[in-house]
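User: I've got a structure to go through with you. Let's take it piece by piece, with the reasoning spelled out.

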Amino acid sequence: MKITKIRLFQVDLPMKEGAYSWSTQSYSSFDSTVVLIDTDEGITGAGESCPLGPSYLAAYAEGVRTGVTILAPDLIGEDPTQLDRINMKMDQLMKGHPYVKSAIDMACWDILGKATGMPVYQLLGGQLQERIKLFKVVARAAPEVMADRLIEYRESGFDHFQIKVGEHPRTDIERFKRIIEVMQSTDTVAADANTGWKQHDALVVVDTVGGLLRERNLTCYIEQPCLTYEECFVVRQHTNLPVILDECMDGLPVLLRGYRDHAMDLINLKINRMGGLTRARQIRDLCVALGIVMTIEDSWGGEIATAAIAHLAQSTPEAFHFQSSAFHDYNTIQIAEGGPVVADGYMTATSRPGLGVEPNMEILGSPIFQLGGS
């Protein structure tokens, strides 16, 4: 099998709730890139990469599209089912920039699944979970609004929540107070600062919040309180609250460092940040071997990226899977048919071959870049 054509599409993903706010960032829509890879056997694979803006991570939407146009000429003629070869080739052509490579790798997994007649989760290790636990994001807002949203999401079937903090510590403490007032013992809540606190501010927050939680015999996970690994490690050493590392978990070296230092209780494994499903699977399998529990997701996306999340998570042992996110459920448009099914706080991937999604070409429109084919 050979790659004969690579097409690139840009699509905006507007938010159902009007805006998605975290730390100091807020967006009403996210800029996503869809890659379609055609083969000489008539199989097409779909991939997606949706970074969250250039001022949050070292990744941005325009960079995805430029990067794909640079990689594409040397991928024409390659066998997309030779996943390690494809990834080695991309690494030879472009140092770093995993967010560029993620959509290409994802599309190749989709092709491999279709070629073998198997869903991607089967290829990633088998269906180890029939359905996967989801969390619902409570975006940063006024404290009373966030508390009301948590209650609303709970009533819709969720019991895992991620509250967005990382602004001013005094304001965030007020957010915590209102959230704690409405929390139930069956709720699992993670407070995600998205790197937003300085180290001293994070220490003030976790110390105050820890006391409030103990008074009600509740707990809360603290996710990526500060920008750097070192700052987060200091916070970890000064709190009894469980700590999740996210933004600084960008590859095997820092994962092994965190394991050695006992710097975290869980990690957030994002497909986009690792460069696709191939490298994300490597991290996933190592975490299982080391006994590290994971949230499995991506940076953002529609039905295609969410399908990849679902397949990776469903092939992960339940004991090592903390939660995932159904990003397509936050968007107002549907970029592909056949995405994962969401119900009662859980998500299930399709059993159809590959990722199981069919791009909605009416939404995607004409490609902004195309190489190969007629």
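Analyst: The expected span of a helix is 1.5 Å times one less than its number of residues. Helices (H or I, at least four residues) and strands (E, at least two) are DSSP runs, numbered from the N terminus. This is a predicted model, where local features need pLDDT of at least 70 and side-chain atom pairs count only at pLDDT 80 or more, while totals for chains, interfaces and linings use all residues. Residues are numbered from 1 along each chain as its sequence is written, and side-chain values use heavy atoms, with hydrogens and water left out.

User: How far does helix 5 reach from its first C-alpha to its last?

Analyst: Helix 5 covers residues 143–155, which gives 13 residues. At 1.5 Å a residue you'd expect 18 Å. The model comes close to that, at 19 Å.

User: Which residues of helix 5 are buried, and how wide an arc do they cover around the axis?

Analyst: Buried means under 20% relative accessible area, exposed over 50%, and partly exposed in between (1.4 Å probe, protein chains only). In helix 5 the buried ones are Pro143, Met146, Ala147, Leu150, Tyr153 and Arg154. They sit on the same side of helix 5, because their arc (taken from the directions from the helix axis to the C-beta atoms) is only 125 degrees.

User: Why would spacing like that put residues on one face?

Analyst: It comes down to the turn of the helix. An α-helix has 3.6 residues a turn, so the ones that point the same way are residues three or four places apart.

User: What covers the buried residues of helix 5, and which residue with a positive phi follows the helix?

Analyst: The cover includes strand 7 (136–138), strand 8 (160–164), helix 6 (169–182) and strand 9 (188–192). After helix 5, phi turns positive, near 115 degrees, at Gly157.

User: How many residues of helix 12 are buried?

Analyst: Helix 12 (residues 303–314) has its end C-alpha atoms 16 Å apart, which agrees with the 16 Å it should span at 1.5 Å a residue. Its buried residues include Glu303, His311 and Gln314. The helix is largely enclosed by the rest of the structure, because the buried count is twelve of the twelve.

User: Which unit do strand 13, helix 12 and strand 14 make?

Analyst: Two strands pair if DSSP finds at least two bridges between them; strand 13 and strand 14 (residues 321–324) do so in the parallel sense over three bridges, with Met294 partnered by His321. A crossover is right-handed if, with the strands pointing away from the viewer, the path from the first strand over the helix to the second runs clockwise. Strand 13, helix 12 and strand 14 fit that, making a right-handed β-α-β unit.

User: Which residue of strand 13 stands opposite Leu269?

Analyst: Strand 13 (residues 293–297) has four of its five residues buried, so it's largely enclosed by the rest of the structure. Strand 12 (residues 266–270) pairs with strand 13 in the parallel sense over five bridges. Opposite Leu269 you find Ile296.

User: Which strands stand at the edges of the three-strand open sheet?

Analyst: The order in that sheet is 6-17-16, with antiparallel pairing. Strand 6 joins strand 17 (residues 346–348) by two bridges, and Lys133 has Tyr346 as its bridge partner. The edge strands each have a single partner strand, so one side of each lacks a neighbour in the sheet: they are strand 6 (132–133) and strand 16 (341–343).

User: Where does Asp344 lie, and is it buried or exposed?

Analyst: Asp344 has a positive phi near 55 degrees, though it isn't glycine. It lies in the loop between strand 16 and strand 17. With a relative accessible area of 56%, Asp344 is exposed.

User: Is His262 buried or exposed?

Analyst: His262 also shows a positive phi near 55 degrees. It lies in the loop between helix 9 (252–261) and strand 12. Its relative accessible area is 60%, so His262 is exposed.

User: How many disulfides are there?

Analyst: A disulfide here is a pair of cysteine sulfur atoms within 2.5 Å. The sulfur of Cys248 is 5.1 Å from its closest cysteine sulfur, in Cys232, which is too far for a bond. For Cys108, the closest is in Cys50 at 20 Å, again too far. The disulfide count is zero.

User: Which residues does Asn87 contact beyond its neighbours within four places in sequence?

Analyst: Asn87 lies in helix 2 (residues 83–93). It counts as buried because its relative accessibility is 3%. Taking contact as heavy atoms within 4.5 Å, its partners are Asp105, Gly275, Thr278 and Arg279.
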